Amino acid sequence: MREKSRSMVYQLCFIALMAAVMCFMGPLSIPIGEVPISFTNLIIYLSVYLLGMKMGTASCIVYLLLGMVGLPVFSGYSGGLAKLAGPTGGYLIGFIFMALICGFFMEKSSYKMPWCIAGMILGTIVAYIFGTIWFMILMKCTFQYAMASCVLPFIFGDLAKIVLAELVGRELRKRLRLAGLV
């Protein structure tokens, strides 16, 4: 029983730690239009890589809940329900699906590199789809406008974040395994 309790404490601490890193990195964004470049998805990739599907997604949900109640953890140091219900809110909610998909691919493939990358790419595409549809509905704009302002400027940066998450995540996971923490 004592070992199970200790494991639960480690899990909760890791979820909180990764949510805190998201809260730190999320506001650090580069405004390039209606949708800023954010580092949150990089941290979500790493979170899922280190914690797995369930705990990585839980850390993402904690991050979103903290932002929902008004903490300035979203891009540009914003927070609150208005941000989640606004034009970029679909991308924020899409992070949940991204984490689930990334984690599923990673866990089912036993963290094999091609599948991890494929999961991160697919998860990002699903987040793009969810966010873009949300953006189009709220902004009453065309698909072409939404793609030009919300997706195309981010593709290369997100691919770079995926490669970085793969390289850093693999090494961090290896070190955490050696320390007996994963």
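**Figure 1. Packing of helix α1 against helix α2 in the predicted model.** Helices α1 and α2 are roughly perpendicular to each other, because their axes cross at roughly 70° and angles of 65 to 115 degrees count as roughly perpendicular. Helix α1 covers residues 2-25 and helix α2 covers residues 40-68. Their axes come within 8 Å, and the crossing is right-handed. Sorted by class, the residues of this contact are 19 nonpolar and 3 polar, with no charged residues.

**Figure 2. Surroundings of Ser-47 in helix α2.** Ser-47 has a relative accessible area of 0% and is therefore buried. Setting aside residues up to four places away in sequence, Ser-47 touches Met-18, Met-22, Gly-52, Gly-56 and Ser-59. Met-18 and Met-22, both touched by Ser-47, fall within the 2-25 range of helix α1.

**Figure 3. Packing of helix α2 against helix α7.** The axes of α2 and α7 are 9 Å apart and meet at an angle of about 30°. Angles under 35 degrees count as roughly parallel, so α2 and α7 are described as roughly parallel to each other. Their crossing is right-handed. From α2, the contact is made by Asn-41, Leu-42, Tyr-45, Leu-46, Tyr-49 and Leu-50. The residues contributed by α7 include Asp-158, Lys-161, Ile-162, Leu-164, Glu-166, Arg-170 and Arg-173. By class, the residues of the contact of α2 with α7 divide into 11 nonpolar, 2 polar and 5 charged.

**Figure 4. Asp-158 of helix α7 and its partners.** Asp-158 takes part in the contact between α2 and α7. With a relative accessibility of 7%, Asp-158 counts as buried, because buried means under 20%. The side chains of Asp-158 and Tyr-128 are joined by a polar contact of 2.5 Å. Apart from neighbours within four places in sequence, Asp-158 is in contact with Asn-41, Tyr-45, Thr-124 and Tyr-128. Asn-41 and Tyr-45 are among the α2 residues that make the contact with α7.

**Figure 5. Arg-173 of helix α7 and its partners.** Helix α7 spans residues 155-178. Arg-173 counts as buried, because its relative accessibility is 13%. A polar atom of the Arg-173 side chain lies 3.4 Å from the backbone oxygen of Leu-50. Not counting residues up to four places away in sequence, Arg-173 touches Tyr-49, Leu-50, Tyr-111 and Val-182. Tyr-49 and Leu-50 also belong to the α2 side of the contact with α7. For Ile-133, 40 residues from Arg-173 along the chain, the separation between the two C-alpha atoms is 34 Å.

**Figure 6. Tyr-77 in the loop between α2 and α3.** Most residues other than glycine have a negative phi. Tyr-77, which is not a glycine, has a positive phi of about 55°. Helix α3, which follows this loop, covers residues 81-85. Tyr-77 has a relative accessible area of 53% and is exposed, because exposed means over 50%.

**Figure 7. Lys-140 in the loop between α5 and α6.** Lys-140 has a positive phi, near 50°, and is a residue other than glycine. The loop that holds Lys-140 lies between α5, residues 113-139, and α6, residues 143-150. Lys-140 counts as exposed, because its relative accessibility is 73%.

Notes:
Residues are numbered from 1 along each chain as its sequence is written. This is a predicted model: local features need pLDDT of at least 70, side-chain atom pairs count only at pLDDT 80 or more; totals for chains, interfaces and linings use all residues. Side-chain values use heavy atoms; hydrogens and water are left out. Axes are lines fitted to C-alpha atoms, for helices over the stretch in contact, and angles run from 0 to 180 degrees between N-to-C directions. Helices (H or I, at least four residues) and strands (E, at least two) are DSSP runs, numbered from the N terminus. Angles under 35 degrees count as roughly parallel, over 145 as roughly antiparallel, 65 to 115 as roughly perpendicular and the rest as oblique. A crossing is left-handed if the near helix is turned anticlockwise from the far one by less than a right angle, and right-handed if clockwise. Ala, Val, Leu, Ile, Met, Phe, Trp, Tyr, Cys and Pro count as nonpolar, Asp, Glu, Lys and Arg as charged, and the others, Gly among them, as polar. Buried means under 20% relative accessible area, exposed over 50%, partly exposed in between (1.4 Å probe, protein chains only). Contact means heavy atoms within 4.5 Å. A polar contact is a pair of N or O atoms within 3.5 Å; within protein, one must be able to donate a hydrogen and the other to accept it, and residues adjacent in sequence count only if both atoms are side-chain atoms.
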